[in-house]
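Colleague: I am new to this structure and would like a close look at a single part of it. Could you take me through one helix with care, and then turn to its surroundings?

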Amino acid sequence: MSSRIELSGVRQTFQVRSDTDKQLHEFVALDDVDLTIAAGEFITLVGPSGCGKSTVLDLVAGLTRPTAGRLTADGVEITRPGLDRSVVFQQYTLLPWRTAAGNVEFALEAKGGMSRAERRERALEVLDLVGLADFADRHPHELSGGMKQRVAIARSLSYDPQVLLMDEPFGALDAQTRERLQEELIGIWKRLGTTIVFITHDIDEAVFLGQRVAVMSARPGRIKALVDVDLDRSGGADVDIRSTPQFAHHRHEIWTLLRQANRRTSTAEGVTKVA
Ligand SMILES: Nc1ncnc2c1ncn2[C@@H]1O[C@H](COP(=O)(O)OP(=O)(O)OP(=O)(O)O)[C@@H](O)[C@H]1O
């Protein structure tokens, strides 16, 4: 299942107290953000630290409301979190006293409408999808970081969200585990067709995963460029896509855009005094 997401004229401001004059100032985190994400698309979001990537994700998740502008999922205004949109954070936030399957079942309990046996069956199904079929009865402390993140992804997928929102989900993992999970996530996306919005600091990760990469500029955060990524994945698991000329081309393209975005960053920009 998948869903189309639209942001139009989105602005997000925060009230912050200045260290110097102790007055409240309006901090413009996002300004005039327009973005249309097609149903079933895998889009990655990169930008300088503090440019508003997580703010965009929070808004799409419905965890916060914009100061101005409009966000919709399949044409319906996003006003609150919903089971159609699921978030995976960098920290796995698993319940330590529950097994891997128990953690997934917990999400299904919150959703309601399923018997205990149905929840167990669904939990085993999604754990299998993320390669953890043999670890269903392990507790989080018995799992590696990569496995814990797989459980978190399984938990998010368990209730069939149309949109998966991922905020640097692999940021805390070692390079090898990260690459493996990136490949697995592509496999899951191809199988399920879920719309995926994925935030990362890592240019390689953005290029490897995204059909499109949205590059943000800082202060206030805006979409600076949208880059279509064209990688030949037909060679299967034995082809090292990251070493192909197309990959290097896209990597350099995004590196250049980010370089420009970083140059424009200044601490004074984006802050205006309130009353
Ligand atoms: N609740 C808040 N109150 C005040 N300022 C905030 C709040 N939330 C975010 N900000 C500010 O808005 C800006 C954007 O924050 P956000 O976390 O979205 O950036 P980011 O691009 O995800 O950063 P990073 O890449 O470092 O994780 C930052 O300057 C941050 O300090």
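Modeller: Let us take helix H5, which runs over residues 175–192. Please keep in mind that this is a predicted model. At 1.5 Å a residue, the 18 residues of H5 should span 26 Å, and since its end C-alpha atoms are 26 Å apart, the expected and the computed lengths agree.

Next comes the question of which way the residues of this helix face. Arg178, Leu181, Gln182, Leu185, Ile188 and Trp189 are the buried residues in H5. Because these residues cover an arc of only 130° around the axis, they lie on the same side of H5. The spacing fits a general rule, namely that an α-helix has 3.6 residues a turn, so residues three or four places apart point the same way. On the other side of H5 we find Gln176, Lys190 and Arg191, which are exposed.

Between these two classes there is also Glu183, which is found in helix H5 and counts as partly exposed because it has 14 C-beta neighbours inside 10 Å, whereas a buried residue needs 20 or more and an exposed one has 12 or fewer. Although Glu183 and Phe208 are 25 residues apart along the chain, their C-alpha atoms are separated by 8.7 Å.

As for what the buried residues of H5 pack against, their partners are two strands, S3 (42–46) and S8 (195–199), together with the helices H3 (116–129), H4 (145–157) and H6 (203–209). After the end of H5 comes Gly193, whose phi is positive, near 70°.

One of those partners, H3, also packs with another helix, H2 (residues 100–111), at an angle of about 120° and with the two axes 9 Å apart. H2 and H3 are therefore oblique to each other, and their crossing is right-handed. The residues that meet there are Ala100, Ala101, Val104, Glu105, Leu108 and Glu109 from H2, and Arg119, Arg120, Arg122, Ala123, Leu124, Val126 and Leu127 from H3.

Helix H1 (residues 53–61) may be set beside H5, being mostly covered, with seven of its nine residues buried. These buried residues of H1 are Lys53, Thr55, Val56, Leu57, Leu59, Val60 and Ala61. Like H5, which is followed by Gly193 with a positive phi, H1 is followed by a glycine, Gly62, whose phi is positive, near 85°.

Key: Residues are numbered from 1 along each chain as its sequence is written. This is a predicted model: local features need pLDDT of at least 70, side-chain atom pairs count only at pLDDT 80 or more; totals for chains, interfaces and linings use all residues. Helices (H or I, at least four residues) and strands (E, at least two) are DSSP runs, numbered from the N terminus. The expected span of a helix is 1.5 Å times one less than its number of residues. The arc is that of the directions from the helix axis to the C-beta atoms. Two residues are in contact if their C-beta atoms, placed from the backbone, lie within 7 Å. Axes are lines fitted to C-alpha atoms, for helices over the stretch in contact, and angles run from 0 to 180 degrees between N-to-C directions. Angles under 35 degrees count as roughly parallel, over 145 as roughly antiparallel, 65 to 115 as roughly perpendicular and the rest as oblique. A crossing is left-handed if the near helix is turned anticlockwise from the far one by less than a right angle, and right-handed if clockwise.
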